[in-house]
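Biologist: Hey, got a few minutes to go through this model with me? I'd like to hop between a few spots.
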Amino acid sequence: MAVVKSIFTHFLAFLMSIIITAFPYAGIKAPVVKTLEDDCLLNIEMLSDTHIEKSELFRQAFLRWGLKNISRAKSPVDAIVVAGDITNYADEPSLAKYFELIDKYSPAPVITAAGNHDIGHAGDRDKTDITREEAMANFIRYRNENMGRNDEVNYFSTEVNGFKFIVMGDEVIDGGHWDAISMTQEQLDFIDRELADGTKDGKPVFVLSHWPIDGINGEDTIWDGSGIERDEYDVQSILEKYDNVFYISGHMHAGIKAKAVENMYGLSNAEQVNGVTYLNLPTYGIINMFGAPWSGIGAQLEVYENEVVFRPRNFITNNWYENAEYHFELV
């Protein structure tokens, strides 16, 4: 209901975000052979909110087509990150289907975060009778098997081409929440330590979380209350202690938005606040709002010696949204 209310409250911004980004097709580039420069140090593809259901074939096909498209890329792909809500109802058959698809079709290692639908929605609509604690344990087990890890908690770090990725996750404190994240102090301390280690040589570090930060990337307009608030978990202050931090999230189902939308309404998929770069991804498997509405959209992230490039794209049609491309200088 909060999302529906936001659409009607900000209807002009909602409508213009779609029109300016998607119509006409100026600013959208057709399939290309190569997008990277020769000196690219890291190239990752980013998705969020696949919302896989075992009995729902279209979203499975979207993910399969997208992964096949990535596998045919002329530019090398170092990793794929998925920012949560990989399933719709936290049921194990759908969880197994997601990991089956990435095991079979992904051309690169996949770094997957859990979202509220993967844990908080356990038992939703009678799809499963497991608890949130059991849903979290299932997710950790499947992810460990996929990545060859042995984590006991729902957060970890890993490296790709020498660049650190820190993955946050819901820990289901006191029964957990339907839509919100719950985190222990141990996880917050872990994030702090890993950021200090990853940035010590001046390299960028990438923090992967399903939830956006409160008030950033248009969260207070698109879905007020969906972000991580300072007075609950002050992740933002931890991020701001370090240089070259990139925070990747999903959750809001907000489509890719042209830079003109940022100028007119302050809504952006890529935004810098107090030195931290926040990248919010659209939903991949379900229709989007406040921007290009299509399924199959995510982004490519390229790391160079002095900058990071955010290039939104559709992984099914392979169109690239040049009108929503951002370049961020490293310090």
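Biologist: In what sense do E9 and strand E10 pair?
Modeller: Antiparallel, over 4 bridges, with E10 covering residues 276-280. Keep in mind that this is a predicted model.
Biologist: Which residue in E10 does Gln272 stand opposite?
Modeller: Gln272 faces Thr277 there.
Biologist: And what holds paired strands together in general?
Modeller: Strands of a sheet pair through backbone hydrogen bonds, and they can be parallel or antiparallel.
Biologist: OK, zooming out, in what order do the strands of that open sheet come?
Modeller: The order is E5-E6-E7-E8-E10-E9, so to speak from one end to the other, 6 strands with mixed pairing. At the edges sit strand E5 (156-160) and strand E9 (270-273), each pairing on one side only. On average, neighbouring strands of this sheet are turned by 25 degrees against each other, ignoring direction.
Biologist: Which strands does helix H7 touch?
Modeller: H7, residues 185-199, packs on the sheet and touches E5, strand E6 (163-167), strand E7 (205-208) and strand E8 (245-249). The direction of H7 makes about 170 degrees with that of E6.
Biologist: Switching topic: how many cavities of 30 Å³ or more are there?
Modeller: The count comes to 1. The volume of the largest cavity is about 40 Å³.
Biologist: Which residues line the largest cavity?
Modeller: Thr87, Ala90, Asp91, Leu95, Asp118, Ala135 and Phe139. By class, that lining has 4 nonpolar, 1 polar and 2 charged residues.
Biologist: Now strand E14. Which residues are on the covered face, and which on the uncovered one?
Modeller: In E14 (residues 326-329), Tyr326 and Phe328 make up the covered face, while His327 and Glu329 are on the uncovered one. As background, side chains in a regular strand alternate between the two faces of the sheet.
Biologist: What is the bridge partner of Val308 in E14?
Modeller: Phe328, which is also on the covered face of E14. Strand E12 (residues 307-314) and E14 run antiparallel and are joined by 4 bridges.
Biologist: Last one, Asp38. Where is Asp38 found?
Modeller: In the loop between strand E1 (28-29) and strand E2 (42-47).
Biologist: Is Asp38 buried or exposed, and why do you call it that?
Modeller: Asp38 counts as exposed because its relative accessible area is 72%, and the cut-off for exposed is over 50%.
Biologist: How far apart are Asp38 and Ser75 in space?
Modeller: They are 9.6 Å apart, C-alpha to C-alpha, with their positions 37 residues apart in sequence terms.

Key. Residues numbered from 1 in each chain as written. Predicted model: local features only at pLDDT ≥ 70, side-chain atom pairs only at ≥ 80, totals over all residues. Heavy atoms only, no water. Pairing = 2+ DSSP bridges. Helix = DSSP H or I, 4+ residues; strand = E, 2+ residues; numbered from the N terminus. Axes fitted to C-alpha atoms, helices over the stretch in contact; angles between N-to-C directions. Contact = heavy atoms within 4.5 Å. 1 Å grid on protein atoms, 1.4 Å probe; cavity = no way out; pocket = protein on both sides within 12 Å on 5 of 7 lines; lining within 4 Å. Points joined across faces, edges and corners; volume = space filled by probe spheres on them. Nonpolar A, V, L, I, M, F, W, Y, C, P; charged D, E, K, R; others polar. Buried < 20%, exposed > 50% of the residue type's maximum accessible area, 1.4 Å probe, protein only.
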